[in-house]
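Colleague: Could you walk me through how to read pockets and cores in a model? I would like the general idea, then the case at hand.

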Amino acid sequence: MQTLNLMLHPELKNDLPEKIIQFGEGNFLRCFIDWMIDRLNKKNIFNGRIVAVQPTPHGRVIGKLNAQDGLYTTVLRGVQNGATVNEKEIITSVSRGINPYTDWQKVLKCAEDPAIEYVFSNTTEAGLSYNNEDKAEMTPPQSFPGKLTLYLYHRYRYYNGAADKGMYIIPCELLEDNGILLKKLIMKYARQWNLPASFCEWLNEHNKFYNTLVDRVVSGYPKDEAEEFNKELGYADELLVCGEPFHFFAIEGDDCLKEKLPLQKVGLNVAVESDITKYRQRKVRLLNGGHTANVPAAFLAGLDTVAEMMQDKTAGRFACHTIREIILPSVDMDKKMLEDFAEAVIERFQNPFIKHYLLSILLNSTSKFKIRVLPSLLDYHRKFDEFPQELLFAFAAYIFVYKPVRVDKNHLYGLRDGIEYELTDDEENIIKLDAAWKLYNGTPEGAEATAAAVIEDVVLWDADLAELNIVQSVGAYLYRLDKEGSRSVMESLL
């Protein structure tokens with residue numbers, strides 16, 4: 001079978017100028033940013049293409065991308081507004097890929113192109129970090145911020161610090177205030193490498209760094225279905241990428257960016273506003289918190305994926321109830337905006353095409369519970385002067401998932417239906433949960449002692465939860481989980 005490329009589809013060839021340099025070429029960017037730019041181009045609005053730069057030394061995507069002339073297929077599948085969506089589309093917004101570890105000069109050459117005004121990135125959260133081994137003489141530095149520092153410095157020198165040659169820099173890594181962080185890292189490199197003070201002034205005055213929030217589940221290359229897709233499409237595509245129909249992009253920006261990059265004009269779910277805090281809180285509490293609050297109990301009930309959780313008569317009802325009736329009312333925000341997002345979250349959880357394993361969501365559950373669920377528990381109590389039983393049960397289910405048969409450093413091994421499962425967390429957290437479970441002796445008093453050891457640990461939660469007086473309730477749910485099982489407790493709360 002022929003591979004997707006311009007020889008196979010010559011009608012897809014375009015000569016649009018390159019306007020974006022993108023650090024990262026992975027599944028998410030290709031199914032999110034590159035897909036969005038393709039939408040703009042097809043409406044004859046942006047009319048620009050993307051140069052994708054490989055972020056790490058051992059990537060394989062760039063070679064495949066160039067072999068396919070920048071073409072690849074997106075498959076968006078799921079439930080949206082009550083209807084099943086299954087859309088397949090060839091994306092043409094990427095012009096080429098560059099491996100900076102073999103062609104660093106090609107990357108710097110892009111800095112000389114006046115049409116390339118935008119930087120996008122997704123190098124994972126670990127990519128937005130400082131590497132003290134990076135040097136200005138390296139071709140290239142190892143870190144993404146190090147590479148971008150030299151890229152911007154080359155542009156600054158090439159254009160003699162021209163005010164109109166600054167760039168719009170839009171990182172998509174999942175970190176709060178990612179634009180501010182990236183700018184700080186670049187300034188740190190500039191100082192460490194003794195780059196001119198005038199370059200730092202040019203960075204500050206003529207380049208714009210934007211904080212962002214991205215949201216779309218991208219499952220990537222469908223290895224198990226690849227042969228079936230190839231037959232259906234009539235070509236082989238090694239870069240085919242699957243994702244959900246839902247997408248949301250929040251940019252902390254201004255009217256200037258709205259005009260320069262008019263993503264909203266083509267119906268994309270994009271918000272460009274001066275403050276995107278509310279969108280981050282909405283996502284953390286309803287989407288991420290919806291996972292973290294419900295997944296431990298669903299896993300203990302014998303379920304393995306989010307879709308299975310939502311299809312299950314008990315766990316599905318419990319998840320929907322917890323999101324709609326407990327988490328949502330705890331958040332102080334426009335009610336209609338929260339309700340619309342909550343319903344979209346529930347539809348996304350129900351997506352039968354994405355296998356999102358509960359064990360994956362359970363990784364590092366301690367920090368996730370602290371950030372995603374505990375605020376809803378506290379805010380609900382503040383607003384209604386009572387603790388929501390559903391979230392007290394979720395607290396107990398989180399603790400119960402960490403009931404160990406053995407531990408090994410940052411790995412904890414538990415038993416579900418006689419079969420061993422593995423969790424990872426910070427080693428210190430696992431030591432504390434292991435110690436707490438040593439207090440359980442199969443009695444209600446023992447369950448309460450275990451709950452107290454976890455809940456009253458100030459270091460674990462960065463707060464003194466002892467004063468909340470929830471230990472007895474969580475301990476009771478912990479005991480019931482052991483004696484009755486998760487499904488029975490969920491049914492009693494519905």
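Colleague: Let me begin with a pocket: how much space lies in the second largest pocket?

Modeller: Keep in mind that this is a predicted model. The second largest pocket holds about 310 Å³ of space. It has 14 lining residues, and Pro222, Asp224, Glu225, Phe353 and Lys355 are the closest to its centre. By class, seven of the lining residues are nonpolar, two polar and five charged.

Colleague: And what volume does the largest pocket have?

Modeller: Its volume is about 1400 Å³. The lining counts 42 residues, with Glu125, Leu174, Lys283, Asn288 and Arg372 nearest the centre. Sorted by class, that lining divides into 16 nonpolar, 13 polar and 13 charged residues.

Colleague: Which element supplies the largest share of the lining of the largest pocket?

Modeller: That is α10, with nine residues. Elements that each give at least two residues to this lining also include α1 (27-31), β9 (211-215) and α15 (365-384).

Colleague: Now the cores. What is the general idea?

Modeller: In soluble globular proteins, nonpolar side chains tend to be buried together. Here, the largest nonpolar core has 85 residues, and Met309 and Phe395 touch the most other members. Helix α16 (residues 389-401) contributes the most to this core, eleven residues.

Colleague: Which residues does Phe395 touch, leaving out those up to four places away in sequence?

Modeller: Phe395 touches Phe369, Leu374, Leu377, Ile455, Trp461, Leu465, Ile470 and Val474. Apart from the largest core lies another one of 38 residues, including Leu40, Phe120, Leu257 and Leu263.

Conventions
Residues are numbered from 1 along each chain as its sequence is written. This is a predicted model: local features need pLDDT of at least 70, side-chain atom pairs count only at pLDDT 80 or more; totals for chains, interfaces and linings use all residues. Side-chain values use heavy atoms; hydrogens and water are left out. On a 1 Å grid over the protein atoms alone, a cavity is a set of points where a 1.4 Å probe fits but cannot get out, and a pocket is an open set with protein on both sides within 12 Å along at least five of seven lines; lining residues have an atom within 4 Å of a point. Grid points are joined across faces, edges and corners, and a volume is the space filled by probe spheres set on the points. Helices (H or I, at least four residues) and strands (E, at least two) are DSSP runs, numbered from the N terminus. Ala, Val, Leu, Ile, Met, Phe, Trp, Tyr, Cys and Pro count as nonpolar, Asp, Glu, Lys and Arg as charged, and the others, Gly among them, as polar. A nonpolar core is a set of buried Ala, Val, Leu, Ile, Met, Phe, Trp, Tyr and Cys residues joined through side-chain atoms within 4.5 Å. Buried means under 20% relative accessible area, exposed over 50%, partly exposed in between (1.4 Å probe, protein chains only). Contact means heavy atoms within 4.5 Å.
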